[in-house]
Amino acid sequence: MKKSPIKNLSASEAESLFAELGEKPYRASQLFNWLYEKNVDSFDAMTNFSKNLRSRLEELYLISPIALEERAISSDGTEKYLFRTVDGHFIESVLIKRDGSEEGRLTICISSQVGCPMGCRFCRTAKIGFRRNLSPAEILDQICQVRRLSGLKNDNIVFMGMGEPFMNYENVMKAAEIMNYSFGFHISVRRITISTCGLIKGIERYIDEKRPYNLAISLNDTVPEKRAEVMPVEKANPMTKIAELLERKFPISRNRVTLEYVMRADNISREDAGRLRKIFRRGRIKLNLIRLNRGDHGLTPPSESEVAAFVRELEIMNVPITVRKSFGDDIGAACGQLAGTRYGAANS
Ligand code: SF4
């Protein structure tokens, strides 16, 4: 009999499972504690479960649906992990040490799909095309494995690895909910960021369902035709409509929406700053700027002085900004570089 991944279970599903096995519902929180807080990799380690219960679980379930294939460590401390799924696909996750040390803020960047159908030009994942969605267990196990293999506990999660999270909406939301359980990882909703390339239906559903996580939207240009050249999603999901939606529906009580902006030589003029302010004039946004990373995308990164001038313009216009440092470029772990190297889109 094929075993199911146990990390696909929500708390209520785990309670039903234990009821079926003739156990009390509190076993569910014990299970989550073993799986996520203690992060064990075998049912045998769950010592407050009877021997009989442990062997029933072992017969029915699998703890890890992904296995480590390769690990690379960058000169800046960033760690990239390549995992193989049970059915032979490859996904990548990245552990980022914000100040380059293990004492600072630790973020795990996780994947939500094998490949991606969205076709962004600056992104190597796009070159793989879309293979399939990841299950909640495959999403959650990336965190378990990175924590176990690095020996470090992250406090931030970003859905910015391979894939478009809103194309795998249910599984991503289920995984995010499990990350937040107090008897599991217990990661605050404010420390979970879901990043979309701008799928309007997904954003609307997310707002309507009052999902509490941080929302980030990749913008990357201010001229629709130019944006469509690097992000085909613009054609059916115009940024002006995204701005209207945020203005109309995004609750005032929520954290600002982050607009991710990959800076190229041709998208950071004074006019770009002005258009940005105009399009999102009433939206509660903050801008996250990051310099274009190297790759075979045929696009030109900006110079330091061009970046400084753009930042100055935005500051004058009172747009809240952060300029993000790129991590892990030397091991192909930086933004836009995750490619599941086994698919032949190797780092250049
Ligand atoms: S940037 Fe994100 S949405 Fe665009 S192709 Fe890459 S993984 Fe997909």
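A residue counts as being around the ligand here if its C-beta atom, placed from the backbone, lies within 6 Å of it. In this predicted model, that rule picks out a shell that starts with Cys116, Met118, Gly119, Cys120 and Cys123. Thr125 and Ala126 also belong to the shell, as do Met162, Gly163, Glu164 and Cys197. Sorted by class, the residues around the ligand come out as seven nonpolar, three polar and one charged.

Next comes the sheet. Ten strands make it up, and the sheet is open, with mixed pairing. Reading across, the order is S3-S4-S5-S6-S9-S10-S11-S12-S13-S14. S3 and S14 (321–324) sit at the edges, each pairing on one side only. On average, and with direction ignored, neighbouring strands of this sheet are turned by 25 degrees against each other.

The S3 end of the sheet can be followed strand by strand. S3 (residues 66–73) and S4 (residues 79–85) run antiparallel and share seven bridges. One point of reference along this pair is Glu70, whose bridge partner in S4 is Leu82. The two strands form a hairpin with five residues between them, where Gly77 adopts a positive phi near 95 degrees.

S4 then pairs with S5 (residues 90–97), again in the antiparallel sense, over six bridges. Here Tyr81 stands opposite Ser93 of S5. This pair is a hairpin too, with four residues between S4 and S5. A glycine with positive phi turns up in this turn as well: Gly88, at about 85 degrees. From S5 the pairing carries on to S6 (residues 106–109), which is antiparallel to S5 and joined to it by four bridges. Within that pair, Leu95 has Ile108 of S6 as its bridge partner.

Now for the helices, starting at the N-terminal end of the chain. H1 (residues 11–20) packs on H2 (residues 27–37) at an angle of about 120 degrees, the axes being 8 Å apart. The two helices are therefore oblique to each other, and their crossing is right-handed. On the H1 side, the contact is built from Ala11, Ala14, Glu15 and Phe18. H2 contributes Arg27, Ala28, Leu31 and Phe32. By class, that gives six nonpolar and two charged residues, with no polar ones.

A second helix pair involves H5 (residues 136–150) and H6 (residues 169–180), whose axes come within 8 Å and cross at roughly 45 degrees. That angle makes H5 oblique to H6, and the crossing is right-handed. Pro136, Ile139 and Leu140 are what H5 brings to the contact, while H6 supplies Asn171, Val172, Lys174, Ala175 and Ile178. The class count for this contact is six nonpolar, one polar and one charged.

The remaining pair is H7 (residues 200–208) with H9 (residues 239–249). Their axes come within 10 Å and cross at roughly 10 degrees, which makes H7 roughly parallel to H9. From H7, the contact draws on Ile200, Ile203, Glu204 and Ile207. Facing them from H9 are Lys241, Ile242, Leu245 and Lys249. The contact of H7 with H9 holds five nonpolar and three charged residues, and no polar ones.

Definitions and conventions: Residues numbered from 1 in each chain as written. Predicted model: local features only at pLDDT ≥ 70, side-chain atom pairs only at ≥ 80, totals over all residues. Axes fitted to C-alpha atoms, helices over the stretch in contact; angles between N-to-C directions. Parallel < 35°, antiparallel > 145°, perpendicular 65-115°, else oblique. Left-handed = near helix turned anticlockwise from the far one by under 90°. Contact = placed C-beta atoms within 7 Å. Nonpolar A, V, L, I, M, F, W, Y, C, P; charged D, E, K, R; others polar. Pairing = 2+ DSSP bridges.
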